[in-house]
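Please open the structure in your viewer and keep the selection panel at hand, since this tour moves from one selection to the next.

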Amino acid sequence: MFQSEWINAVEFRSRFQIGRTTQWRLMKSGFLRLGIHFIRTGVGKRSALKFNHPACELALAIYTQA
């Protein structure tokens with residue numbers, strides 16, 4: 001299982017050098033999954049996001065190889 005290192009959305013985009021549009025495209029397409037790659041900090045649709053760095057790193061490595 002992954003060790004969790006949860007980072008906020010700004011740090012996520014900075015570490016992986018992607019833009020906000022790319023982040024939302026990956027989330028909308030289902031490539032980054034709620035509960036696995038990211039979580040919401042509140043109950044609303046517009047609540048802040050936290051990303052699991054190791055899980056996202058693996059998923060994006062697979063995404064860039066395709």
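What follows is a walk through a predicted model, with a few words at each stop on what to select and what is there.

**The sheet**

Begin by selecting the strands, which form an open sheet of 3 strands in the order β1-β3-β2, with antiparallel pairing. Strands β1 (6-8) and β2 stand at the edges and have a single partner strand each, so one side of each is left without a neighbour in the sheet. From one strand to the next, the twist averages 30°. If you now keep β1 and β3 in view, you will find that 3 bridges join these antiparallel strands, and that isoleucine 7 stands opposite phenylalanine 51 in β3.

**Two helices across the sheet**

Add helix α1 next, which lies across β1 and β3 and runs at about 95° to β1. Then add helix α2, which lies across β2 and β3 and runs at about 75° to β3.

**The two sides of α2**

Stay with α2 (residues 20-28) and show its side chains: which of its residues are buried? They are Gln23, Leu26 and Met27, and because they cover an arc of only 100° around the axis, they lie on the same side of α2. On the other side of this helix, Thr21, Arg25 and Lys28 are exposed. To see what covers the buried residues of α2, select among others α1 (9-16), β2 (38-40), β3 (49-52) and α3 (53-65). Just past the helix, glycine 30 follows α2 and has a positive phi, near 90°.

**The nonpolar core**

Now turn to the largest nonpolar core, which has 13 residues, and select those with the most contacts inside it, namely Phe12, Met27, Leu32, Phe38, Phe51 and Cys56. The elements that give two or more residues to this core are α1, α2, β3 and α3. Centre the view on leucine 32 and ask which residues it touches, leaving aside those up to four places away in sequence. The answer is Phe12, Leu26, Met27, His37, Phe38, Phe51, Cys56 and Ala59.

**The aromatic rings**

A pair of aromatic rings is described by the distance of the centres and the angle of the planes. In the whole structure a search finds 4 aromatic pairs, one of which is formed by phenylalanine 12 and phenylalanine 51, stacked at 4.0 Å centre to centre with 5° between the planes. This pair links distant parts of the chain, with phenylalanine 12 in helix α1 and phenylalanine 51 in strand β3, 39 residues apart. Both phenylalanine 12 and phenylalanine 51 are buried.

Keep phenylalanine 51 selected and add phenylalanine 38, with which it forms a tilted aromatic pair, 5.8 Å centre to centre and 40° between the planes. Here too distant parts of the chain are linked, as phenylalanine 38 is in strand β2 and phenylalanine 51 in strand β3, 13 residues apart. Phenylalanine 38 counts as buried because its relative accessibility is 6%, while phenylalanine 51 is buried with a relative accessible area of 0%. Select Phe12, Phe16, Phe38 and Phe51 together to see one aromatic cluster.

**A last stop on α3**

Finally, select isoleucine 62, which is found in helix α3. Is this isoleucine 62 buried or exposed? With a relative accessible area of 49%, isoleucine 62 is partly exposed. Its C-alpha lies 17 Å from that of phenylalanine 38, and isoleucine 62 and phenylalanine 38 are 24 residues apart in sequence.

Conventions: Residues are numbered from 1 along each chain as its sequence is written. This is a predicted model: local features need pLDDT of at least 70, side-chain atom pairs count only at pLDDT 80 or more; totals for chains, interfaces and linings use all residues. Side-chain values use heavy atoms; hydrogens and water are left out. Buried means under 20% relative accessible area, exposed over 50%, partly exposed in between (1.4 Å probe, protein chains only). Helices (H or I, at least four residues) and strands (E, at least two) are DSSP runs, numbered from the N terminus. The arc is that of the directions from the helix axis to the C-beta atoms. Contact means heavy atoms within 4.5 Å. A nonpolar core is a set of buried Ala, Val, Leu, Ile, Met, Phe, Trp, Tyr and Cys residues joined through side-chain atoms within 4.5 Å. Rings of Phe, Tyr and Trp (its six-membered ring) pair if their centres lie within 6.5 Å; planes under 30 degrees apart count as stacked, over 60 as edge-to-face and the rest as tilted. Two strands pair if DSSP finds at least two bridges between them. Axes are lines fitted to C-alpha atoms, for helices over the stretch in contact, and angles run from 0 to 180 degrees between N-to-C directions.
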